[in-house]
Amino acid sequence: MLLRSVLLPVTATSRRDLLERFVQLLVGLFLYGVALGFMVRGGIGVAPWDVLALGLAAQTGLGYGVMTVLVSIVVLLLWIPLRQRVGLGTVLNALLVGPSADLALALIPQPSSVWIGAPMFVFGLLLLAFATGLYIAADFGPGPRDGLMTGLVRRTGWAVWLVRTLIEGSVLLVGFLLGGPVGVGTVLFAFGVGPLIGWFLSRITRMREARSQKLGSLRTA
């Protein structure tokens with residue numbers, strides 16, 4: 001009973017559907033980390049949570065990927081008083097994105113100029129939106145930061161935009177004070193990530209739902 005109250009249930013139309021969605025989740029999380037690597041290497045600023053992670057990494061000497069994992073774990077701890085239910089995707093998001101970002105940073109060279117770095121950032125932003133659509137459409141639970149936002153909205157009754165703005169604004173300020181990189185890329189992320197995720201997510205979700213229904217009908221045939 002305790003586990004049921006804490007963990008989100010996993011439903012699937014068939015075993016094949018469950019397996020395909022799990023692979024989709026893993027691919028999405030891996031690509032999300034790769035996208036972060038491209039955005040960091042771009043050198044024109046990063047998303048608010050990454051400003052915080054990079055600022056903390058600079059202050060502690062820990063790697064960016066390790067700090068990303070630690071920040072995610074702290075955010076998950078904040079779920080406890082909010083009584084948010086954790087999904088498999090939530091846990092894997094917290095544990096896998098950081099290492100995949102470190103792997104990407106190890107393989108992606110430092111750009112020689114902003115004319116190379118800026119397109120790298122834009123590519124990373126597009127890849128991040130696509131990856132987000134993949135792992136959300138897999139339907140294994142929200143990421144740590146998304147769950148914090150929805151939990152606060154549910155507990156406070158405040159509007160989503162207000163809660164998101166307060167969270168990301170606070171994170172950005174703390175990260176900036178710690179020395180995290182803030183630049184034009186931070187602004188591009190703030191205004192561009194929402195519409196891009198919306199575009200990818202709607203299409204990937206429709207494809208995933210159609211595939212799941214097909215696998216379910218094959219099972220019952």
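Helix α2 is followed by Gly-43, whose phi is positive, near 75°. This is a predicted model. The briefing covers two long-range themes: how helices pack, and where pockets open. Helix α2 packs with helix α6, and both helices also help line the largest pocket.

**Helix α2**
- Helix α2 covers residues 15-42.
- At 1.5 Å a residue, the 28 residues of α2 should span 40 Å, and the end C-alpha atoms are 41 Å apart, so the two values agree.

**Helix α6**
- Helix α6 covers residues 114-137.
- The 24 residues of α6 should span 34 Å at 1.5 Å a residue; the end C-alpha atoms of α6 are 34 Å apart, which agrees.
- After α6 comes Asp-139, with a positive phi near 65°.

**How α2 meets α6**
- Two packed helices are described by the angle between their axes and the distance between those axes.
- For α2 and α6, the angle is about 160° and the axes are 7 Å apart.
- Angles over 145 degrees count as roughly antiparallel, and α2 and α6 are therefore roughly antiparallel to each other.
- Their crossing is left-handed.
- The contact of α2 with α6 has 22 nonpolar residues, 6 polar ones and 1 charged one.

**How α7 meets α8**
- Helix α7 spans residues 144-156, and helix α8 spans residues 160-177.
- Their axes lie 9 Å apart, at an angle of about 125°.
- That angle makes α7 oblique to α8.
- The crossing of α7 past α8 is right-handed.

**The largest pocket**
- Rolling a probe the size of a water molecule over the atoms shows where empty space is left.
- The largest pocket has a volume of about 780 Å³.
- Its lining holds 31 residues, and the closest to the pocket centre are Trp-49, Arg-164, Glu-168, Phe-189 and Val-193.
- Elements giving two or more residues to this lining include α3 (48-60), α4 (64-82), α5 (88-107) and α9 (184-220).
- Helices α2, α6, α7 and α8 also give two or more residues each to the lining of the largest pocket.
- By class, this lining divides into 17 nonpolar, 9 polar and 5 charged residues.

**The second largest pocket**
- The second largest pocket has a volume of about 190 Å³.
- Its lining is made of 13 residues.
- Which of them lie nearest the centre? They are Arg-21, Ala-137, Asp-139, Glu-209 and Ser-212.
- Asp-139 is also the residue with positive phi that follows α6.
- Helices α2, α6 and α9 each supply at least two residues of this lining.
- Helix α9 gives the most, with 5 residues.
- The lining of the second largest pocket has 3 nonpolar, 5 polar and 5 charged residues.

How values were computed: Residues numbered from 1 in each chain as written. Predicted model: local features only at pLDDT ≥ 70, side-chain atom pairs only at ≥ 80, totals over all residues. Heavy atoms only, no water. Axes fitted to C-alpha atoms, helices over the stretch in contact; angles between N-to-C directions. Helix = DSSP H or I, 4+ residues; strand = E, 2+ residues; numbered from the N terminus. Parallel < 35°, antiparallel > 145°, perpendicular 65-115°, else oblique. Left-handed = near helix turned anticlockwise from the far one by under 90°. Nonpolar A, V, L, I, M, F, W, Y, C, P; charged D, E, K, R; others polar. 1 Å grid on protein atoms, 1.4 Å probe; cavity = no way out; pocket = protein on both sides within 12 Å on 5 of 7 lines; lining within 4 Å. Points joined across faces, edges and corners; volume = space filled by probe spheres on them. Expected span 1.5 Å × (residues − 1).
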